[in-house]
Amino acid sequence: MARQILSRIQRVPFYEVNTFQEWHVSTMLNAMLAVADDQLDQLNAGDEVMHAKALGWVITQYHFDIQRFPKSKETVTLSSWADSYNQFFSYRDYQMTDAMGQELVHINSSWVMMSFKTRKMVRVDPEIVKNVIADPIRSVKKFPRIPKKDYTGAQQKPYRVRYFDIDANQHVNNVHYFDWMIDTLDLAFIKKYVIDTIDIRYEREVKYGETPVSSVIVEPDESDKSVTTYHQIKTADRVNTECEIHWHLR
């Protein structure tokens, strides 16, 4: 089936980069999500239609492959398309390329429809997605498995959920988790390493007024040239998110 791709040319904003002039993971992802959001609006499958039925799109998993982060004021092309779907899950891809057409970032994602009334996932509404071209499948796509870790004694930071962290689905927007996870690492570590892959699984939503705790475990690889960090965001005794990030030397 032919892909239904929407693309947008964008200049990386100078105010959304880090000390290395690299686009932050969270703001970069926001820009890519905006492309998908525009496409869904065009296909009558966006927020207005969803909210009229008391439904919202909710992310369950991302897998990032990052060749390099674009730099401040660099011109890139952001693209997104629906890949496939089954009764409960919708799979969508995101891509970023540079001015020469070289792929910088590719993201695979898994989404569900959530009922605002029950705060639980529901079956994909065929009336909403009828205009979205994607392959119907029966299987559930497998994402890389994130190992279970014991975070007892791990480096931790609490984060108070602000009003500005909440989105239209009435919970913390998924991009904020990346800021909480990376901010838990020491600055010396961030200056030494750069991300090449991310796997994240969202398990429970975080709501306004809660104070989740972000924990991290750092495990150097055998080569001493790369490191894997394992992250958990937890509210009281409930795990909200788990993540595995692989880094290499700058």
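Start at the largest pocket, where the lining residues divide into 23 nonpolar, ten polar and twelve charged. You are looking at a predicted model, so keep that in mind as you click along.

**Stop 1: the largest pocket**

This pocket has a volume of about 1,000 Å³. To find its middle, select W57, V58, I59, W111 and N169, which are the closest to its centre among the 45 residues that line it. Now colour the surrounding elements: α1, α2 (47-52), β2 (55-66), β3 (75-85), β4 (90-97), β5 (103-115) and β9 each supply at least two lining residues. Which element gives the largest share of this lining? That is α1, with six residues.

**Stop 2: the second largest pocket**

Next, select N18, H24, V25, I182 and I190. Of the 20 residues that line the second largest pocket, these are the closest to its centre. The volume here is about 360 Å³. By class, its lining has twelve nonpolar, four polar and four charged residues. Colour α1, α4, α5 (187-192) and β9, and you will have the elements that each supply at least two residues of this lining. Helix α4 gives the most, with four residues.

**Stop 3: helix α4**

Stay with α4 and select residues 176-183. Is this helix largely enclosed or largely open? It is largely enclosed by the rest of the structure, because six of its eight residues are buried. The buried ones to highlight are H176, Y177, F178, W180, M181 and I182. I182 is also one of the residues closest to the centre of the second largest pocket.

**Stop 4: the largest nonpolar core**

F178 leads on to the next stop. The largest nonpolar core has 62 residues, and Y62, F64, M96, F178, I195 and I198 are those that touch the most other members. Helix α1 (residues 25-42) contributes the largest share of this core, nine residues.

Pick I198 and show what surrounds it. Leaving aside neighbours within four places in sequence, I198 is in contact with V25, Y62, H63, F64, I66, F178, C243, E244 and I245. Y62, F64 and F178 appear here as well as among the core residues that touch the most other members.

**Stop 5: D199 in strand β9**

Move one step along the chain to D199, which sits in strand β9 (residues 193-202). Is D199 buried or exposed? D199 counts as buried, because its relative accessibility is 8% and the limit for buried is under 20%. Show the side chains of D199 and H63, and you will find a polar contact of 2.7 Å joining them. Not counting residues up to four places away in sequence, D199 touches Y62, H63, P144, I146, E242, C243 and E244. For a sense of distance, draw a line from D199 to F189: the two are ten residues apart in sequence and 19 Å apart in space, C-alpha to C-alpha.

**Stop 6: T241 in strand β12**

Now select T241, in strand β12 (residues 238-249). T241 is buried, with a relative accessible area of 1%. Beyond residues up to four places away in sequence, T241 touches Y177, I200, R201, Y202, H231, Q232 and I233. You have met Y177 already, as one of the buried residues of α4.

**Stop 7: H106 in strand β5**

Go across to H106, which lies in strand β5. At 15% relative accessibility, H106 is another buried residue. What does the side chain of H106 make a polar contact with? Its partner is the side chain of E103, at 3.0 Å. With residues up to four places away in sequence left out, H106 touches H63, F64, D65, W81, D93, Y94 and Q95. H63 is the residue whose side chain you saw joined to that of D199.

**Stop 8: two loop residues with positive phi**

Finish in the loops. Select Q21, in the loop between β1 (6-11) and α1. Q21 has a positive phi of about 70° although it is not a glycine. At 41% relative accessibility, Q21 counts as partly exposed.

Then select A54, in the loop between α2 and β2. Here phi is near 60°, again a positive value in a residue other than glycine. Is A54 buried or exposed? A54 is buried, with a relative accessible area of 17%.

Key. Residues are numbered from 1 along each chain as its sequence is written. This is a predicted model: local features need pLDDT of at least 70, side-chain atom pairs count only at pLDDT 80 or more; totals for chains, interfaces and linings use all residues. Side-chain values use heavy atoms; hydrogens and water are left out. Buried means under 20% relative accessible area, exposed over 50%, partly exposed in between (1.4 Å probe, protein chains only). Contact means heavy atoms within 4.5 Å. A polar contact is a pair of N or O atoms within 3.5 Å; within protein, one must be able to donate a hydrogen and the other to accept it, and residues adjacent in sequence count only if both atoms are side-chain atoms. A nonpolar core is a set of buried Ala, Val, Leu, Ile, Met, Phe, Trp, Tyr and Cys residues joined through side-chain atoms within 4.5 Å. On a 1 Å grid over the protein atoms alone, a cavity is a set of points where a 1.4 Å probe fits but cannot get out, and a pocket is an open set with protein on both sides within 12 Å along at least five of seven lines; lining residues have an atom within 4 Å of a point. Grid points are joined across faces, edges and corners, and a volume is the space filled by probe spheres set on the points. Ala, Val, Leu, Ile, Met, Phe, Trp, Tyr, Cys and Pro count as nonpolar, Asp, Glu, Lys and Arg as charged, and the others, Gly among them, as polar.
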